[in-house]
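Subject: Structure for you to look at, with notes

Dear colleague,

I am passing on the structure below, together with my notes on it. Please read the notes with the coordinates open beside you.

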Amino acid sequence: MDSTKLVNVTRGNLVESSHKGHVAVVDSKGQLLYFAGNPNAKVFARSSMKPIQAIPVVETGAADHYEFSDADLSLCCASHNGENMHTDRVLSILARSGMEDTCLKCGTHIPRWQDTYKQLILEGKDVTPLYNNCSGKHTGMLATAKHMNEPIENYYDLDHPVQQRILAAVSEMTDYPKEEIEIGIDGCGVPVHGVPLERLAYGYAKMAKPDELSEKRRDAIKRITKAMVNAPEMVGGTDRFCTDFMRVGQGRFIGKAGAEGVYCIGDLETGMGIAIKIEDGNGRGVYPVAVEVLKQLNFLTDQQIEELMGHFRPKLRNARNEVIGELAADFKLQSAGALQE
């Protein structure tokens, strides 16, 4: 089954380009409800897996031992901007767990938040792993290893207990065999997990409605989702879709972006999970699709759509900051019954 066009990019009156991809909408029982493109396409979840990767932080007792607040746990699920609120919290968690930022093995990149980068330049400071958008996730992994008296030097290796617990959680949450999960290396150096898109959606459906899971797993998930909706600024930051979306959702949704055009949503009201993949990997296409899916499912009010309009119909601007085009979703979800026809 091929991908389908999801987004048009217009310049003036011409559709200049488009983004193809896939969408899967799954209920908390694991049943595919709606789709676009190929819901069985195997994809690397990238950072969209972070809320599931955070489960062992809670289940091992590390979050309790180091007194994680909602904001702390939300940061473990983050692809953050590198704003002061993010880096200060990473340092706080590390200090509470008896470590320093030199323990982070996520590598370095320029902070997403340009004001942070400018300040580093003005102060003559180096860009360190602290500013990596994945430093919150890595801090959660380090805290877990430290709490479990495991080596912290190689916590990122696939055979390390930290990564093995995560692999087990991914398999259990997506209901997909561990031996069939494709393993790659993410941009921050830890294992990344490849599963069919509809299984990824199922993982988010379970995050949204964990009622049939064990008490331990259910309590961990509810703590994570509560943290994300209570401190959405930690998941992304200023002018980021994840943060704006969860704020507009007022506690109903969790949402997490992943690199190469991935986005996942859990609807805490219906227990549905949504997974999206833009085939060419261009992240600009994923947010219009995310809002359009929710619009077609009647999960957003007109007012909420209006508040998200900057992400739903983002404008293209030229070097004079003049609007010269926009991105707009252009697809219709199909009922899963169509797959049997």
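What follows goes through the strands, the helices and the aromatic rings in turn.

Please keep in mind throughout that this is a predicted model.

I begin with strand β9 (residues 273-278), which is mostly covered, since six of its six residues are buried. In a regular strand the side chains alternate between the two faces of the sheet. In β9 both faces are covered, with Gly273, Ala275 and Lys277 buried on one side and Ile274, Ile276 and Ile278 buried on the other. Two strands pair with β9 in the antiparallel sense: β2 is joined to β9 by six bridges, and β8 is joined to β9 by five. Valine 26 is found opposite glycine 273 of β9, while tyrosine 263 has isoleucine 276 of β9 as its bridge partner. The hairpin of β8 and β9 has five residues between the strands, and there glycine 271 takes a positive phi near 80°.

On its other pairing, strand β2 (residues 14-26) runs antiparallel to strand β3 (residues 32-36), and four bridges join the two. Here, too, the strands form a hairpin with five residues between them, and glycine 30 in the turn has a positive phi of about 95°. Valine 25 stands opposite tyrosine 34 of β3, and tyrosine 34 also has serine 335 in β12 as a bridge partner. The latter belongs to an antiparallel pairing of β3 with strand β12 (residues 334-335), which extends over two bridges.

Within strand β8 (residues 262-267) I would point to glycine 266, which counts as buried because its relative accessibility is 0%. Leaving aside residues up to four places away in sequence, glycine 266 touches Tyr204, Ala208, Arg252, Phe253, Ile254 and Met272. By contrast with these contacts, histidine 86 lies 24 Å from glycine 266, C-alpha to C-alpha, and 180 residues from it in sequence.

There is also an open sheet of three strands, in the order β4-β6-β5, with antiparallel pairing. Strands β4 (42-44) and β5 (182-185) are at its edges and each has a single partner strand, so one side of each is left without a neighbour in the sheet. Direction ignored, neighbouring strands of this sheet are turned by 30° against each other on average. Between β4 and strand β6 (residues 191-196) there are three bridges, and lysine 42 has proline 196 in β6 as its bridge partner. Two helices lie across strands of this sheet: helix α8 (residues 161-174) crosses β5 and β6 and runs at about 15° to β6, whereas helix α9 (residues 197-208) lies across β4 and β6 and runs at about 105° to β6.

Elsewhere, helix α5 (residues 84-96) packs with helix α7 (residues 135-147) at an angle of about 10°, their axes being 10 Å apart. With angles under 35 degrees counted as roughly parallel, α5 and α7 are therefore roughly parallel to each other. At this contact Val90, Ile93 and Leu94 of α5 meet Ser135, Gly136, Thr139 and Leu142 of α7.

Helix α12 is the other helix I would look at, because seven of its nine residues are buried and it is thus largely enclosed by the rest of the structure. The buried residues are Phe241, Cys242, Thr243, Phe245, Met246, Val248 and Gly249. Just after the end of α12, glutamine 250 takes a positive phi of about 55°.

That helix leads to the aromatic residues, where the structure holds six aromatic pairs. In one of these, the rings of phenylalanine 241 and phenylalanine 245 have centres 5.4 Å apart and planes at 5°, so the pair is stacked. These two phenylalanines, 241 and 245, are four residues apart in helix α12 (residues 241-249) and are therefore separated by about one helical turn. An α-helix has 3.6 residues a turn, so residues three or four places apart point the same way. Ring pairs link Phe241 and Phe245 with Phe253, Tyr263 and Tyr287 into a cluster. Finally, arginine 252 has its charged end over the ring of phenylalanine 299, at 4.7 Å from the ring centre.

With best wishes

Note on methods. Residues are numbered from 1 along each chain as its sequence is written. This is a predicted model: local features need pLDDT of at least 70, side-chain atom pairs count only at pLDDT 80 or more; totals for chains, interfaces and linings use all residues. Side-chain values use heavy atoms; hydrogens and water are left out. Rings of Phe, Tyr and Trp (its six-membered ring) pair if their centres lie within 6.5 Å; planes under 30 degrees apart count as stacked, over 60 as edge-to-face and the rest as tilted. A charge sits over a ring if NZ of Lys or CZ of Arg is within 6 Å of the ring centre and within 35 degrees of the ring normal. Two strands pair if DSSP finds at least two bridges between them. Axes are lines fitted to C-alpha atoms, for helices over the stretch in contact, and angles run from 0 to 180 degrees between N-to-C directions. Contact means heavy atoms within 4.5 Å. Angles under 35 degrees count as roughly parallel, over 145 as roughly antiparallel, 65 to 115 as roughly perpendicular and the rest as oblique. Buried means under 20% relative accessible area, exposed over 50%, partly exposed in between (1.4 Å probe, protein chains only).
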